[in-house]
Amino acid sequence: KYTRPIDQVVQAARRVAQGDLRETLPVERHDEIGELTTSFNDMVQKLRANKELEHRLHQAERLSSIGQLASGIAHEIRNPLNFINLSIDHLQSRFSPTDPRLREEFTYLVSWVKTEIHRLNTMITNFLTYGKPLKLEPRPCDLTPLLHDVVSMASGKAEEQGIKIERDSSVDLPRVLVDGEQIKTCFVNVLVNAFQAMPSGGRLSITTALVNGTDPATSTPPAGSERWVEVRFQDTGYGIASEDLAKVFEPYFTTKEVGIGLGLALTKKIVEEHGGVIALASVRDQGTTVRIRLPVEEQG
């Protein structure tokens with residue numbers, strides 16, 4: 001009656017000492033043995049909490065070290081970007097073609113290069129201030145031409161890689177109140193991930209829709225506007241392992257040989273700063289679907 005419960009506590013304590021913190025014992029008595037069992041369970045619970053805290057501290061130290069290294073790299077990137085930008089201005093003024101048609105094409109390409117340099121510089125600024133609120137400049141924006149620009153920019157890479165981009169833009173969408181450059185960065189980040197997931201070619205479907213109802217990430221009613229503009233990116237790439245799905249939006253998490261794992265983390269931050277939500281679903285070897293929802297600009 002007395003030795004068996006005590007022996008159970010002793011055996012459980014040995015397993016805990018070996019590192020198994022899943023151990024808990026049922027409390028079936030209200031005497032001293034029951035108090036001993038309750039105390040044992042409280043001790044194990046505190047050990048779990050301490051281990052979780054230790055894990056978080058270790059992770060925070062690791063992220064801090066990576067962040068300091070990456071910040072240094074970002075600063076080093078910014079310097080050549082500024083030089084490239086100045087060099088492009090020089091080339092444009094010195095070597096612009098005399099033929100009107102060629103000059104128009106030349107000006108267009110230079111403009112695109114300068115736009116992308118500006119976007120990269122903005123990304124670096126956001127990276128360096130990742131822990132701080134973003135400086136948004138929201139304006140009423142139509143996402144359809146924004147997506148068109150992103151797809152046009154990526155079309156050459158898609159053709160080279162054997163990726164077919166399918167767009168469904170048959171729905172007239174209301175405008176959203178966003179910082180267009182920041183949202184464009186989000187779309188580019190998602191496209192880059194999709195392209196990397198299809199190194200041997202595939203299909204990327206981009207669809208837009210006006211939706212009502214639930215948050216795609218939690219299946220709960222949205223907190224603010226009940227109308228959302230949803231942009232969905234669906235690729236046929238190699239997908240994401242189920243054990244990694246919960247980590248894809250964590251800063252510096254990546255399963256790729258290149259990259260520092262900040263693209264989706266920044267994307268999530270930007271979308272949420274706009275009052276939107278982002279959700280990701282994936283099946284290994286079948287593909288990944290990313291849905292970005294932004295609240296509609298309601299007319300007052």
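Colleague: Buried means under 20% relative accessible area, exposed over 50% and partly exposed in between, with a 1.4 Å probe and protein chains only; what percentage of the 300 residues in the protein chain is buried?

Modeller: This is a predicted model, in which local features need pLDDT of at least 70 and side-chain atom pairs count only at pLDDT 80 or more, while totals for chains, interfaces and linings use all residues. Residues are numbered from 1 along each chain as its sequence is written, and side-chain values use heavy atoms, leaving out hydrogens and water. Of the 300 residues in the protein chain, the buried share is 34%.

Colleague: Which element gives the largest share of the largest nonpolar core?

Modeller: A nonpolar core is a set of buried Ala, Val, Leu, Ile, Met, Phe, Trp, Tyr and Cys residues joined through side-chain atoms within 4.5 Å. The largest one has 39 residues, of which Leu143, Phe187, Leu204, Phe233 and Ile292 touch the most other members. Helices (H or I, at least four residues) and strands (E, at least two) are DSSP runs numbered from the N terminus, and those giving two or more residues to this core include helix 4 (143-161) and strand 5 (227-235). The largest share, eight residues, comes from helix 5.

Colleague: Is Asp285 buried or exposed?

Modeller: Asp285 lies in the loop between strand 6 (277-283) and strand 7 (287-295), and it has a positive phi of about 65° although it is not a glycine. Because its relative accessibility is 62%, Asp285 counts as exposed.
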